[in-house]
There are 2 protein chains.
Amino acid sequence: MKPGHLHPTEDCRAVSEVLSRVGDKWTVLVVQYLGTGPMRFSELKRTIGGISQKMLTTTLRGLERDGFVTRTVFPTIPPRVDYELTELGQELLTPVRALGDWARSNIIRIREARERFDETVL
Amino acid sequence: MKPGHLHPTEDCRAVSEVLSRVGDKWTVLVVQYLGTGPMRFSELKRTIGGISQKMLTTTLRGLERDGFVTRTVFPTIPPRVDYELTELGQELLTPVRALGDWARSNIIRIREARERFDETVL
DNA sequence: CGGTATCCACGGCGATACTG
DNA sequence: CAGTATCGCCGTGGATACCG
């Protein structure tokens with residue numbers, strides 16, 4: 001972190017790519033839950049609670065595309081689909097949890113800062 | 001990470017709050033640059049390179065509101081405004097960098113996964 | 001059950017012009 | 001120089017309905 005340049009054009013693009021995945025509305029939540037073990041579609045939907053069917057599908061497809069989860073279809077009737085974290089997904093969990101832990105530890109400071117700011121501006 | 005419940009309604013909301021800040025298009029980039037020391041508005045704009053004036057203002061206001069940066073106005077003509085990371089902002093840098101490092105280390109694996117996925121689906 | 005298809009509202013974001 | 005104001009595009013995400 002020394003050089004005065006810190007060239008964004010390559011590294012930061014990579015970071016942004018990952019962050020736009022991680023930073024979207026539902027990804028972290030889904031990854032968090034899958035971190036406890038494989039789950040089927042309806043199970044995820046029910047557990048998460050506020051997510052629409054469309055967004056859960058979209059989120060899972062994105063995670064699958066990036067190699068974070070696997071999708072296993074059981075050709076039964078009614079159908080059953082399991083989602084599970086890959087190696088890569090498990091590894092992602094580490095920095096995500098670190099950020100999550102930090103967020104939990106400092107959310108109060110942030111909220112206080114907001115209140116102060118909003119009050120000062122009004 | 002043992003309990004079978006993992007209650008989202010409080011903790012995960014906090015995490016999402018922080019992540020929606022961190023996950024937006026420019027925040028990480030700005031924080032990254034301010035991590036090297038205080039910078040003035042035009043300096044940030046010039047260095048980052050692709051950001052519009054409006055978005056830089058919006059991003060900085062958001063960071064200021066959350067207590068991550070301070071805004072110092074020098075009442076000169078022409079005016080000059082410095083932005084600097086707060087304690088909180090510095091601390092945020094740690095987990096953000098961890099995620100950034102992970103992203104840089106694994107971006108190749110992710111891109112490969114994407115190519116495989118896109119090819120399989122076509 | 002686990003999707004896809006369609007429609008639509010909202011907000012993020014950029015471009016441009018103006019101001020103290 | 002460091003903003004604010006306004007406009008308009010477009011992607012995200014929700015609601016609803018239908019399908020294998």
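Which residues are linked with A:Glu17 in a network of salt bridges? That is where I'll start. A:Glu17, A:Arg21, A:Asp66, B:Arg111 and B:Arg114 form that network.

Ground rules, quickly. This is a predicted model, where local features need pLDDT of at least 70, side-chain atom pairs count only at pLDDT 80 or more, and totals for chains, interfaces and linings use all residues. Residues are numbered from 1 along each chain as its sequence is written, chains are lettered from A and ligands numbered from 1 in the order in which they are written, and side-chain values use heavy atoms, with hydrogens and water left out.

Salt bridges, then. The term means a side-chain nitrogen of Lys or Arg within 4 Å of a carboxyl oxygen of Asp or Glu. Over all chains, the structure holds 16.

Take B:Arg111 and A:Glu17. Their closest N and O atoms are 2.6 Å apart. This pair crosses between chains, from helix α5 (residues 87-121) of chain B to helix α1 (residues 11-22) of chain A. Helices here are DSSP runs of H or I with at least four residues, strands are runs of E with at least two, and both are numbered from the N terminus. B:Arg111 is partly exposed, at a relative accessible area of 34%. A:Glu17 is buried, at 19%. The cut-offs: buried is under 20% relative accessible area, exposed is over 50%, and partly exposed is in between, using a 1.4 Å probe and protein chains only.

Next, B:Arg114 and A:Asp66. This salt bridge also has its closest N and O atoms 2.6 Å apart. The pair crosses between chains, from helix α5 of chain B to the loop between α4 (53-65) and β2 (69-74) of chain A. Both B:Arg114 and A:Asp66 are buried.

Now a pair inside chain B. B:Arg21 and B:Asp66 form a salt bridge, 3.5 Å from N to O. B:Arg21 sits in helix α1 (residues 8-22) and B:Asp66 in the loop between α4 (53-65) and β2 (69-74), so the pair ties together parts 45 residues apart in sequence. B:Arg21 is buried at 17% relative accessible area. B:Asp66 is buried too, at 2%.

What about B:Glu17? Its place is helix α1 of chain B, and it is buried at 19% relative accessible area. Its side chain makes a polar contact of 2.5 Å with that of A:Arg111. A polar contact is a pair of N or O atoms within 3.5 Å; within protein, one must be able to donate a hydrogen and the other to accept it, and residues adjacent in sequence count only if both atoms are side-chain atoms.

Next, how the chains relate. A rotation of 180 degrees, with 0.0 Å of shift along its axis, superposes chain A on chain B at an RMSD of 0.2 Å. That is the relation of a two-fold axis. The fit is by least squares on C-alpha atoms of residues with pLDDT of at least 70 in both copies. Within chain A, A:Gly23 comes closest to the axis, its C-alpha at 2.0 Å.

On to the sheet in chain A. Three strands form an open, antiparallel sheet in the order β1-β3-β2. β1 (39-40) and β2 stand at the edges with a single partner strand each, so one side of each lacks a neighbour in the sheet. β1(A) and β3(A) pair over two bridges; pairing requires at least two bridges found by DSSP. A:Met39 stands opposite A:Tyr83 in β3(A).

A:Tyr83 takes us to the DNA. One of its polar side-chain atoms lies 2.7 Å from a phosphate oxygen of DNA strand C. B:Lys25 also has a polar side-chain atom by a phosphate oxygen of strand C, at 3.3 Å. In all, 19 residues surround strand C, with A:Ser42, A:Gln53, A:Arg71, B:Lys54 and B:Met55 the closest. Near means a residue heavy atom within 4 Å. The largest share, four residues, comes from α4(A).

Finally, DNA strand D. Here too 19 residues surround the strand. A side-chain N or O atom of B:Gln53 is 2.5 Å from a base nitrogen. B:Arg40 has a polar side-chain atom 3.0 Å from a phosphate oxygen. Of the strand D atoms within 4 Å of the protein, 57% belong to sugar or phosphate and the rest to bases. α4(B) gives the most to this surface, with four residues.
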